[in-house]
Amino acid sequence: MSDTTDHPSAGLKRRSLLTGTAGILASGLAPAVHAQEKPVLRYLGTAVNQDKAIAEKFKADTGITIQYVAVTTDDVTKRAVTAPNSFDLIDTEFFSLKKIVPTGNLKGIDTKRIKNADKITSLFTTGTIAGKAVGDQGTAPKKVIFLEGEKSKVFAKSPTQFMSLIPTVYNADTLGIRPDLIKRPIESWAELLNPEFKGKTAILNIPSIGIMDAAMVVEAKGIHKYADKGNMTKAEIDLTIKTLIEAKRAGQFRALWKDFNESVNLMASGEVVIQSMWSPAVTAVRTKGIACNFQPLKEGYRAWAAGFGLPATIAGKKQDAAYEFINWFLDGWAGAYLNRQGYYSAVLDTAKTKMEAYEWAYWMEGKPAAQDIKSPNGDLLAKAGSVRDGGSYEQRMGGIACWNAVMDENEYMVRKWNEFVAA
Amino acid sequence: MNTPAPSSRPLHAIKAWWQAAPFALVFLFFFIAPLLLVAAVSFWPSSEYELIPGFTVQNYATLFEGCSNLADPCLALRTYWSTLQFSLMAWGATLVLGFAIAYFLAFHVRSTAMQTALFVLCTIPFWTSNVIRMISWVPLLGRNGLVNDFLLGIGLVQEPVEWLLFSRFSVVLAFVHLYTMFMLVPIFNSMMRIDRSLLEAADDAGASGWQTLWNVIVPLSRTGILVGSIFVLTIVMGDFVTVGVMGGQQIASVGKMIQVQTSYLQFPLAAANAVVLLAVVLMIVVALNRLVDLRKEL
């Protein structure tokens, strides 16, 4: 293997990666190494997941360049459906699969080529955490993760060799609050529409996610109990939107947000004191030295999960490089990096080996921090002694009430959502 | 040789066609063809992940569903009405501002060098991107922003003023900030072409300053006013970024509606919406053109 001489530091790791898949991978890679021409992978996804440090580390380890193509959540789906040749690797959410997979633009990922495939957390494969089933309303990953074959346009009912997406990061979302401006405990989703916070709340303006948050509020207020919040009937959509419109007309919302940074700005500037929020956004507010909680609520969390997928047309060197990236990603370094940002990684065992024991105890076990917790860039996130919002991995992910979803009545829902925006 | 030789005329015409051809082709490929495509797609049946050619008026029907009831206007009517309001407000404000600044530059600033310098000064804000110019309003107008700090500081208000940001006010403010230039330039251009002796004549005939302004300058600047108005109205009618950023994403505009529809892959519906918007904008432009014969004036 000539690559050990080219990249002495990466050689050992490369070799260990190759063992499982030596035949195919080596024959594809070896000529590339000789020619010193490493492929460039066009990585399509949202800016949130496209970390410079990850691309740099991967390049240092393997010589393969990651070229980030950053667009919004909605645009990832749009590109996957309309321009499948414009990327080599897609980083998208499981709920989008309902729109992408029927187009045949995704290629099933052969789990035989993924070294850690069998270590992927059971949340994805069987929908359980520590043996206990979690909520599966909405597009739970277990419903869409397996394909019937490599070129299949339908989801498999039971596990197969081919995965639609290899999970990378996931989390359970809840409301973010400014404890310094609210000054009392917040326990329920219903608080989002509490007139006490009139003009100081915000909700997510990505319809398919925003409506799930709204549904959590509707249930928490006891207005209606949904059979499946992630797949509402037209009447349920009408009811949910009506509730939102009434609140909006009464001046409840300060703004709607669509972009990670917007939510950070709204919260950090104090324009908003309670809003739907993503965990890393809360982290971002905190690193500015502003108090912000990712508030656990008694009704539970709205979960999401993202993963890597391959376009149907990928082949040859590029495909090998994509598999190499996925394998590298699940191998621990990236997982630990993500865990330190407050996300969860898909293969926990490998991430654990790359984290300090006190970090693991804080982020994953819900224990008080033994020393100051820093973000991957070295910003202070939590002082020694503090505990992570939502407790341990099992507590938080075990408390999932529903998953981000695409509904059967999606088109109708988007139309009604537009009415909410226009109201 | 009063008349050109009969043979040179067709040759001349052919030359002209050749000269016009490159731009005509660009126009055809990048404007007319996409436009026709949009019009065609607006009649296709909707599907979330596939575009299947066909013919249906369902998209238009969906767009105007429930619009017969005027007591509680439907989504489309409300959105178009709100967009039109924004256009008119932005138009009025940019017209007044643009005209006043152009007037100052054209008639009060004597030296050409000074005129140029001041003109360049007006363009400075355009050296940064639209979005940055908009976002910079947030720390100024926010609940804890500079303006509110000031108002609270001097005791003018007890509570922070909420309508400064994420409101219709902030949207119009941003429009004025962004688009006054589009009004200013054509008006200034028209004013510079006004024969100064006309103003002297008005003065000699005993006209007051206002009379000169109203009876001489305004009529002679109308080409510029018209061009500027078309710029501002068409831009604002289609805008979705400003309305989104400055309106806190919770104010509707037609452009915003189209953007949401395309991001949810509802292309036929968005296309139908775009066709309707185009029709509305064209009607506005035609109406404006009735006031001034652009071809004659330019």
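This report walks through the pockets, cavities, surface patch and salt bridges of a predicted two-chain model.

## The largest pocket

Let's start with the open spaces. The largest pocket holds about 740 Å³. It is lined by 34 residues, and those closest to its centre come from both chains: A:Asp259 and A:Glu262 on one side of the list, with B:Ile135, B:Val245 and B:Gln249 on the other.

Several elements give two or more residues to this lining. In chain A they are α5 (73-82), β12 (253-257) and α12 (260-268). In chain B they are α5 (130-135), α6 (138-141), α12 (241-246) and α13 (254-263). Sorted by class, the lining has 12 nonpolar, 13 polar and 9 charged residues.

## The second largest pocket

Next comes a pocket with about 460 Å³ of space, the second largest. Its lining has 23 residues, and here too both chains show up around the centre: A:Lys248 and A:Ala423 lie nearest along with B:Arg168, B:Gln250 and B:Ile251.

Chain A supplies at least two lining residues from each of β12 and α19 (410-422), and α3 (75-108) of chain B does likewise. Helix α3(B) has the largest share, with 5 residues. The class split for this lining is 10 nonpolar, 8 polar and 5 charged. Strand β12 of chain A is worth a look on screen, since the strand is listed for the largest pocket and also for the second largest pocket.

## Enclosed cavities

Now for the closed spaces. Searching the whole structure turns up 10 cavities of 30 Å³ or more. The largest cavity has a volume of about 220 Å³. Among its 18 lining residues, A:Thr46, A:Asn49, A:Glu93, A:Trp278 and A:Trp304 are the closest to the centre. In chain A, α5, β3 (89-93) and β15 (301-311) each give two or more residues to the lining, and β3(A) gives the most, with 3. You'll find 9 nonpolar, 6 polar and 3 charged residues around this cavity.

The second largest cavity contains about 150 Å³ of space. Of the 15 residues lining it, those closest to the centre are A:Ser279, A:Thr283, A:Arg286, A:Trp363 and A:Asp389. Helix α13 (279-287), helix α17 (357-363) and strand β18 (380-382), which belong to chain A, each put at least two residues into the lining. The top contributor is α13(A), with 4 residues. By class, the lining divides into 7 nonpolar, 4 polar and 4 charged residues.

## A nonpolar patch on chain B

Over on chain B, there is a nonpolar surface patch with about 1100 Å² of accessible area in total. Its members include B:Phe23, B:Phe27, B:Phe29, B:Phe30 and B:Phe31, as well as B:Leu278 and B:Leu282. Two helices of chain B, α1 (8-41) and α14 (267-291), each supply at least two of the patch residues, and α1(B) gives the most, with 9.

B:Phe30 makes a handy example. This residue sits in helix α1 of chain B, and its relative accessibility is 67%, so B:Phe30 counts as exposed, the cut-off being over 50%.

## Salt bridges

Side chains of opposite charge can pair when their charged atoms come close. Across all chains, the search finds 25 salt bridges. In one of them, A:Arg42 pairs with A:Asp88, with the closest N and O atoms 3.0 Å apart. This pair links distant parts of the chain: A:Arg42 is in strand β1 (residues 40-45), while A:Asp88 is in the loop between α5 and β3, 46 residues apart. A:Arg42 is partly exposed at 25% relative accessibility, whereas A:Asp88 is buried at 5%.

A:Asp331 and A:Lys115 also meet in a salt bridge, at 3.2 Å from N to O. A:Asp331 lies in the loop between α14 (316-329) and α15 (333-339) and A:Lys115 in the loop between β5 (109-110) and α7 (122-125), so the bridge ties together parts that are 216 residues apart in sequence. Here A:Asp331 is buried, at 16%, and A:Lys115 is partly exposed, at 39%.

A:Asp75 and A:Lys78 form a bridge too, with N and O 3.3 Å apart at the closest. These two residues are 3 apart in helix α5 of chain A, so about one helical turn separates them. Finally, one network of salt bridges brings in both chains, linking A:Arg254, A:Glu271, B:Arg143 and B:Glu162.

Definitions and conventions:
Residues numbered from 1 in each chain as written. Chains lettered and ligands numbered in written order. Predicted model: local features only at pLDDT ≥ 70, side-chain atom pairs only at ≥ 80, totals over all residues. Heavy atoms only, no water. 1 Å grid on protein atoms, 1.4 Å probe; cavity = no way out; pocket = protein on both sides within 12 Å on 5 of 7 lines; lining within 4 Å. Points joined across faces, edges and corners; volume = space filled by probe spheres on them. Nonpolar A, V, L, I, M, F, W, Y, C, P; charged D, E, K, R; others polar. Patch = residues over 30% accessible without salt bridge, like charges linked within 9 Å, V, L, I, M, F, W, Y side chains within 5 Å. Areas by Shrake-Rupley, 256 points an atom, 1.4 Å probe, with all protein chains shown as cover. Salt bridge = Lys/Arg side-chain N within 4 Å of Asp/Glu carboxyl O. Buried < 20%, exposed > 50% of the residue type's maximum accessible area, 1.4 Å probe, protein only.
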